[in-house]
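Okay, thanks everyone for squeezing in. I'd like to walk you through one model today, so let me get it up on the screen.

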Protein chains: 2
Amino acid sequence: MSKPTIKVLAKELGLAVSTVSKALRDSHEISQDTKDKVLKLAAQLNYIPNPYASSLRRQKSRTIAVVIPEVADSFFSIAINGIEEVAREKGYHVLIYLTHESLERETEILNEFKSGRVDGLLISVTRDTCSGTHITEAIEAGLPVVFFDRMCEDIKAARVLTDDYESSYQATRLLIERGCKKPAYLSISPNLSINQKREAGYLAAVNEAGIETSQARIISCDGPDDKITEQILILLRQPNRPDGIIASVEKLVPPVYFACKELGINIPEEIRLIGFTNLTASPILNPSLSTVTQPAFEIGKTAAALLFKGIEKTSFDLSREKLIIPSQLQLRDSTL
Amino acid sequence: MSKPTIKVLAKELGLAVSTVSKALRDSHEISQDTKDKVLKLAAQLNYIPNPYASSLRRQKSRTIAVVIPEVADSFFSIAINGIEEVAREKGYHVLIYLTHESLERETEILNEFKSGRVDGLLISVTRDTCSGTHITEAIEAGLPVVFFDRMCEDIKAARVLTDDYESSYQATRLLIERGCKKPAYLSISPNLSINQKREAGYLAAVNEAGIETSQARIISCDGPDDKITEQILILLRQPNRPDGIIASVEKLVPPVYFACKELGINIPEEIRLIGFTNLTASPILNPSLSTVTQPAFEIGKTAAALLFKGIEKTSFDLSREKLIIPSQLQLRDSTL
DNA sequence: TTGAAAGCGCTAACAC
DNA sequence: GTGTTAGCGCTTTCAA
């Protein structure tokens, strides 16, 4: 029992293939009677249209791509949830690609999209992306693109972001209000848009409070997890160590805990900590972690909805869109 | 500047499309000279073959599907990493579908695959899947399928699993050795294969230790997170409450911590805890969590490698394959 | 070694 | 309302 095609249905019913095709797509030119017959037989034979024949003919794939640095990160995995939800509603399929922060890989992937494999792209870029031209090229080739979370400032494309500057500013202010005189800001990937905004928010709060530059350290951590822990250990071993920490990405949270434990530094008594993270485990850490919680699911959903609008309405200028969904500051024991 | 096709290349070079096609696929029938010319022009025009034309003609898509209940779970997101890695090496694309434990959704998704959209399927089933016929149908329709982690016992298909029985047995033994007289086993979705094995491992250890059935409670939790916490609260409020807990899935870990905190029960002094989880945060929980850590990345990689073997070698009987990759018991403070 | 031609399964003009 | 026909871009005989 091989897969039935439109041709088989047509022959079986004594109709033309075009009639069957139209009937299946519920065209108004076809009589209800014929439609019923066609639909009935289609159901009976479990006819499933060949998506690639249709894609080839119509030059659209009903497929979108999601390109992200990493999936094993609570933000991205939750965002995918949101994306998948709206893709499913729209009857679209979702291809997933991981860049692992490699610009080269990202470029290869994007280049492939010029073939028409996907009708749209949701992307959260690598650390090094903004120096490349591959995204602009894809956009110019006609691909609808929406940045979510990590984006390139100077590429004219839609973006769905959270209020990185503002939430980082608030988080830093909180540390200062609670008594921190020497709050430090920890990052990876300095040239990432989200980092720059978070850093700027931090700096604004620090300056506003009149904290000397020498006491407001910005540390860029790098490398694998154990390497990061080492870098933080070095920071915390300094006699004039920070008394507050903003961990600007999830990945930095465990190393900070490890380092504090190793050195016997008490959180929050000796050092207060806030992390940018969506970890469900935040409330059960030791001590529980105050977080800037990003609206990951909403960002995914919104970005996807926006993309589909761009895909479906050609009159709609996607590239002008810029949506901000605020993060939430959740206070717990690490900033008591 | 529209997308160049093979036809354009052919015209430009004064060759036939078939010649160009063969040259691009590095056919031995084509002279090196011609190949060079074709490749050069292709690179110059940035020619990308239309994947759907090729898929239609060759009846294969170079695409696989990953169907999972949920992506916001450390096991699945890490597994996807492994899958994506080998797919990329093989030049395959990865479609992702989330079932959210809905059999209906899963059935719809699988039904669609009969169209030839994908060349293979990696699936971790829903709680209710095993009562359905959609997977068997897909296999019979010729789709190579590999189960990973969650599978259906009685479907004849390849599977890549971890040693659920054994690791649960070891975890339970550990609790008993450390002095637990009343270890409880917490699960969701009782009819899931992985749960049955973990439960059986638990029971074996409990029986072996001569613990009375009344003291060896198996609690099946259900519903959203706060509901689960409530169910655990009820369990822990009993005068004869457990003094050890096996949290058989990641989702149960936070509720156990919450409930213990709420009731002022000390881990591990009053109750020991082991969780099946890949959370990177396990070492920094309060107290740090002893875990059964599944080889998520390896399972993903292995399952994908197996699937590709099934896709590429028709002589290979995929359905007989059954690979077990052991989990690791990592002891931390929650079982001191 | 190259080319001509048929056709994968579907859709969209355009006839009737 | 229904049918005829010509492709979408590619691969694959088969012929030259």
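Let's start at DNA strand D. The residues of the surface near that strand split into eight nonpolar, 11 polar and eight charged. Keep in mind as we go that this is a predicted model.

So which residues come nearest to DNA strand D? Out of the 27 around the strand, those are Lys22(A), Arg57(A), Ile6(B), Tyr47(B) and Arg57(B). As for what the protein sees of the strand, 60% of the DNA strand D atoms within 4 Å of the protein are sugar or phosphate, and the rest belong to bases.

Now some individual contacts on that strand. Ser18(A) has a side-chain N or O atom 2.9 Å from a base oxygen of DNA strand D. Lys22(A) also goes for a base oxygen, with a polar side-chain atom 2.6 Å away. Thr34(A), on the other hand, has a side-chain N or O atom 2.9 Å from a phosphate oxygen of the strand. Which elements give two or more residues to this surface? From chain A it's helix 2 and helix 4, and from chain B it's helix 1 (6-13), helix 2 and helix 4. Helix 4 of chain B gives the largest share, four residues.

Over to DNA strand C. Here there are 26 residues around the strand, and the nearest are Ile6(A), Tyr47(A), Arg57(A), Lys22(B) and Thr34(B). Of the strand C atoms that come within 4 Å of the protein, sugar and phosphate make up 62%. By class, the residues of this surface are eight nonpolar, 11 polar and seven charged.

The contacts I'd point to here are in chain B. Lys22(B) puts a polar side-chain atom 2.5 Å from a base oxygen of DNA strand C, and Glu29(B) has one 3.4 Å from a base oxygen. For the phosphates, look at Ser31(B): a polar backbone atom of that residue is 3.0 Å from a phosphate oxygen of DNA strand C. The elements giving two or more residues to this surface are helix 2 (17-24) and helix 4 (51-58), from chain A and from chain B. The largest share is four residues, from helix 4 of chain A.

Right, how do the two protein chains relate? Chain B superposes on chain A with a rotation of 180° and 0.0 Å of shift along the axis, at an RMSD of 0.1 Å. That's the relation of a two-fold axis. And 100% of the interface residues of chain B are also interface residues in chain A, so the copies meet through the same surface.

One residue to look at there is Arg88(B), which sits in helix 5 (residues 74-90) of chain B. Beyond its neighbours within four places in sequence, Arg88(B) is in contact with Arg105(A), Glu108(A) and Ile109(A). Is Arg88(B) buried or exposed? Partly exposed, because its relative accessibility is 25%.

Last stop, helix 11 of chain B, residues 253-263. Buried there are Val253(B), Pro254(B), Pro255(B), Val256(B), Tyr257(B), Ala259(B) and Cys260(B). What do those buried residues pack against? In chain B, that's strand 6 (183-187), helix 10 (225-237), strand 8 (244-247) and strand 9 (272-276). Right after helix 11 comes Gly264(B), with a positive phi near 65°.

Okay, that's my tour. Happy to take questions.

Conventions:
Residues numbered from 1 in each chain as written. Chains lettered and ligands numbered in written order. Predicted model: local features only at pLDDT ≥ 70, side-chain atom pairs only at ≥ 80, totals over all residues. Heavy atoms only, no water. Near = heavy atom within 4 Å. Polar contact = N/O pair within 3.5 Å; in protein donor to acceptor, adjacent residues only side chain to side chain. Nonpolar A, V, L, I, M, F, W, Y, C, P; charged D, E, K, R; others polar. Buried < 20%, exposed > 50% of the residue type's maximum accessible area, 1.4 Å probe, protein only. Contact = heavy atoms within 4.5 Å. Least-squares fit on C-alpha atoms with pLDDT ≥ 70 in both.
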